[in-house]
Amino acid sequence: MTTIVDTIVARTRVDLEELRARIPLEEMRRRAAAAPPPRDFLAALQPSPAGVKLIAEVKKASPSKGLLCPDFDPLALARTYEANGASAISVLTEPHFFQGSLEHLSAVRAAVAVPVLRKDFIVDPYQVYQARAAGADAILLICSQLDDAQLHTLLHLAHELGMRCLVEVHDEEETDRAVASGARIIGINNRDLRDFHVDIKTTQRLRALIPEDRVVVSESGLHTAADVTTLREWQVQALLVGEAIVTASDRAAKVRELSPLRVKICGVRTPEQALAAAEAGADYIGLIFYPPSSRLVTPEQAAEITQTLRNRRNSGKHAPKTVGVFVNEPSEKINALAQACSLDLAQLSGDESPEICRAIAIPVIKAVRPRILDDLEHLAAYRPGVQAFLLDTPVSGMWGGTGAVGDWSLACELARRHPILLAGGLTPENVGAAIEAVQPWGVDVSSGVETNGSKDTAKIQAFLAAARSTER
């Protein structure tokens, strides 16, 4: 029986031959080599106590339901997804049945800082080069449309180009093939592509066949926070959602409902404090390299902390990412310390320009202290080079760590536009109210989890518990 996927793939092959005639393979290879380095799609989906990661899909239409998004604006959608917590973005690029395009993908990739997946029917190496040339960080490979040799060829070519692959399966036989191929990210499609019937228990059934060292993504038929809870119980690391978001009356709220909240514990100074944050489920810890700070760490102390967390991660346990906090330092110094101390991100908490942020070799969080609404207009110049903004309370003569509560109404408007870490005066007692009021990408705390100037394990645990219990 010929399925709709068979029809789409047949049309894809026709389009491919026409494209080859216009742009030879060697030229496409050259364009792929000239593209910006790919972002790590696998790292974005790694397991975390924060919960199941969301891949939000830029999707205009589908073959089964037709037009889904009459007001389709791929850039607006992507920015909404990122600002409200999506860990990665999928862009449908198939033009005839889904009304997508590679131009949508390129534009989205240039507008956001998270990894971008090319969602299409990829059956030929030419399309892998084409995806990289367009800026894709990852591609979809559908097992039902590829034999083992094709799957191996496309998977390894993508890896050679620095991209990751979401290898999609629909049944037991395809799952076994995907596992045998060495795929690190396996997507379970809950939709039967023969009749479009959806059953999310397909994920539960096939999850049991996938080794624990792989990242599992559930696709199709997912709509609510209750679905996310179910996936967590089934030990699924991520979900891919398109239709439920683009058809929602409030897309930002829907993304927040399906996304995990990030929590950063800043001012960590010892391996013991870092391990306490890890045990509590923190996503990030902040290591301060600003000399006037009472929470200053030396490069040697920072390296010891990152090594401790690396050992924990290598043992199969959750370990938060490390964020080096700097104030008005040259980019060369930040990059040198990031490498020497194995930092995952850099937080720039001074008056750093967008150009300085773009010169940093690791992802950047930029601290900002807006006082009035007009101050927010200047932040667009930092995007997409900055992964998130840390919103701290402006206090004259101080660069953060003030413990002062900020203007949450201003924070609400910033959170609507960009990913933000809310900081300033947060405690286990008020973090729930702050999250409810602002709906941020994440929260950041330092003095609020200290007793007599030192990190307090019980307060760290209480802060994480309060933040995680908040309905998103």
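The following legends describe close-up views of a predicted model of this protein.

**Figure 1. Confidence across the predicted model.** The mean pLDDT of the protein is 92, and 96% of the residues reach a score of at least 70. Residues 395–399 form a stretch in which pLDDT remains under 50. For residues 395–399, the model shows 10 contacts beyond four places in sequence. Where pLDDT is low, the predicted coordinates should not be read in detail.

**Figure 2. The barrel of strands 1, 4, 5, 6, 7, 8, 9 and 10.** In this view, 8 strands close into a barrel with parallel pairing, in the order 1-4-5-6-7-8-9-10. Neighbouring strands of this sheet are turned against each other by 25° on average, with direction ignored.

**Figure 3. Strand 1, strand 4 and the helix packed on the sheet.** Strand 1 covers residues 53–58 and strand 4 covers residues 88–92. These two strands run parallel and are joined by 4 bridges. Within this pair, Ile55 is placed opposite Ala88 of strand 4. Helix 5, made up of residues 102–111, packs on the sheet and touches both strand 4 and strand 5 (116–119). The direction of helix 5 makes an angle of about 175° with that of strand 5.

**Figure 4. The largest cavity and its lining.** The model holds 1 cavity of 30 Å³ or more. The space in the largest cavity amounts to about 30 Å³. Its lining consists of Val58, Lys59, Lys60, Phe72, Leu92, Phe98, Gln99, Gly100 and His104. By class, the lining residues comprise 4 nonpolar, 3 polar and 2 charged. Among the lining residues, Val58 belongs to strand 1 (residues 53–58), Leu92 belongs to strand 4 (residues 88–92), and His104 belongs to helix 5 (residues 102–111).

**Figure 5. The barrel of strands 11 to 18.** Another set of 8 strands closes into a barrel, in the order 11-12-13-14-15-16-17-18, and the pairing is parallel. From one strand to the next, the twist averages 25°. Strand 13 (residues 321–326) and strand 14 (residues 345–348) run parallel, with 4 bridges joining them. Phe326 has Leu348 of strand 14 as its bridge partner.

**Figure 6. Asn328 in the loop after strand 13.** Asn328 is located in the loop between strand 13 and helix 15 (331–341). The phi angle of Asn328 is near 55°, which is a positive value in a residue other than glycine.

**Figure 7. The cis peptide bond at Pro384.** Arg383 and Pro384 are joined by a cis peptide bond, with omega at about 5°. Pro384 is situated in the loop between strand 15 (364–368) and strand 16 (386–391). Strands 15 and 16 are both part of the barrel with the order 11-12-13-14-15-16-17-18.

Definitions and conventions
Residues numbered from 1 in each chain as written. Predicted model: local features only at pLDDT ≥ 70, side-chain atom pairs only at ≥ 80, totals over all residues. Heavy atoms only, no water. pLDDT = per-residue confidence, 0-100. Contact = heavy atoms within 4.5 Å. 1 Å grid on protein atoms, 1.4 Å probe; cavity = no way out; pocket = protein on both sides within 12 Å on 5 of 7 lines; lining within 4 Å. Points joined across faces, edges and corners; volume = space filled by probe spheres on them. Nonpolar A, V, L, I, M, F, W, Y, C, P; charged D, E, K, R; others polar. Pairing = 2+ DSSP bridges. Axes fitted to C-alpha atoms, helices over the stretch in contact; angles between N-to-C directions.
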